[in-house]
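Q: I'd like a close look at one part of this protein and what lies around it. Take me through it slowly, please.

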Amino acid sequence: MSDHVHAPFGGFPSVHLALEVCDLLAPPVADALKNWDDRAAAESVLYVDTDPDKADTAVFCETYGVQPEVSANCVVVAAKRGGEVTLAAGLVLAHTRLDVNRAVRTHLGARKASFAPMDTAVEETAMEYGGITPVGLPAAWPLLVDAAVAAAPHVLVGSGRRRGKLILPGWAVAALPRAEVIPGLAG
C-alpha cells in the first residue's frame, strides 16, 4: 500500500489509493474502479476511512474538517414518462440541492421526476443508503453531474458503504461512464 498518500482536504485517520483497498468498497464500486477505461481517472481516486455513524453530511463535515463545498451528494431519481420509469443519478455539491422538478425532469424528457424510494435506490445500486456514489452505478443509468462538481479541484463522495468515502478530482467525475455535465443542475 501507498504510505505517502494524502487527502487534498480534511483530517482523516487513513488515506489510501482506492484501487489498493477495493475490499473496503461496495462490490459495484470496486468493479467500476478496476474496469474503468480511463486508468488515470481510476488511479486518481482516494479512499478515506470514516466512521459510519458520522456519514450524514453535516456531522461528517464537522467531524473530519471538511467544507460542504467539497462534498458532493449522489441522489437517485425516478423519472416517469407514460408508463415507463427511468432511474438516474444526480450529483451536486452538498451545500446545494438537486433541481429535480425542473433541470432533471427536463433533461430526461420526463413528465414527472422525484427522488427514488430508499429501498429502490439501495436495491438497484447494490450500495448502502448514505453511501451511494456515482462510481459503479448501474450501466444503463444516466449520471447527471452539476457543472460545479466537474469544475471542483476535488470532491468527496460515498464509497458505496456508509464506512469510508472517496475523494476524486472533478475532471475524473466528468470522465465517469455515462456522466453528463449539466450547468444549473443544482438549485
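Is Leu 166 buried or exposed, and what is its relative accessible area?

A: Leu 166 is buried: its relative accessible area is 0%. Keep in mind that this is a predicted model, and that the values below are all computed from it.

Let's start with where that residue sits. Leu 166 belongs to strand 8, and strand 8 is part of an open sheet of four strands, ordered 1-2-8-7 with antiparallel pairing. Strand 1 (15–17) and strand 7 are the edges of that sheet, each pairing on one side only. On average, neighbouring strands here are turned by 30° against each other, if you ignore direction.

In the order 1-2-8-7, strand 8 comes right after strand 2, and there's a nice long-range link to go with that. Leu 166 and Val 48 are 118 residues apart along the chain, yet 6.3 Å separates their C-alpha atoms. Val 48 is also the residue that Val 15 stands opposite, in strand 2. Strand 1 and strand 2 (residues 46–48) run antiparallel and are joined by three bridges.

Strand 8 has a second job in the picture, as a cover for helix 1. That helix spans residues 27–35, and its buried residues are Pro 28, Val 29, Ala 30 and Leu 33. Strand 8 (165–168) is among the elements that cover them, and so are helix 2 (39–43) and helix 5 (118–125).

Now for the empty space, which may be what you'd want to look at next. Helix 1 gives the largest share of the lining of the second largest pocket, namely three residues. About 240 Å³ of space lies in that second largest pocket. It's lined by 16 residues, and those closest to its centre are Ala 32, Gly 136, Leu 137, Leu 176 and Pro 177. Sorted by class, this lining has 11 nonpolar, two polar and three charged residues.

The largest pocket holds about 640 Å³ of space. It has 30 lining residues, with Asn 73, Cys 74, Val 75, Tyr 129 and Gly 130 the closest to its centre. Two elements from the story so far turn up again here: helix 5 and strand 7 (155–158) each supply at least two residues of the lining, as do helix 3 (57–64) and strand 3 (72–81). Strand 3 gives the most, with five residues. By class, the lining of the largest pocket comes to 19 nonpolar, seven polar and four charged residues.

One last stop, for contrast with the antiparallel sheet: some parallel pairing. Strand 6 (residues 143–146) has Leu 143 and Val 145 pointing one way, Leu 144 and Asp 146 pointing the other way, and all of them are buried. So the charged side chain of that strand is listed as buried too, right along with the leucines. Three bridges join strand 6 to strand 4 (residues 84–93), and the two run parallel. Within that pairing, Ala 89 has Leu 143 as its bridge partner. Strand 6 also pairs with strand 9 (residues 179–182), again in the parallel sense, over four bridges. There, Asp 146 stands opposite Ile 182.

Back to where you began: Leu 166, at 0% relative accessible area, is buried, and its strand is one of those in the open sheet as well as part of what covers helix 1.

Methods. Residues numbered from 1 in each chain as written. Predicted model: local features only at pLDDT ≥ 70, side-chain atom pairs only at ≥ 80, totals over all residues. Heavy atoms only, no water. Buried < 20%, exposed > 50% of the residue type's maximum accessible area, 1.4 Å probe, protein only. Contact = heavy atoms within 4.5 Å. 1 Å grid on protein atoms, 1.4 Å probe; cavity = no way out; pocket = protein on both sides within 12 Å on 5 of 7 lines; lining within 4 Å. Points joined across faces, edges and corners; volume = space filled by probe spheres on them. Pairing = 2+ DSSP bridges. Axes fitted to C-alpha atoms, helices over the stretch in contact; angles between N-to-C directions.
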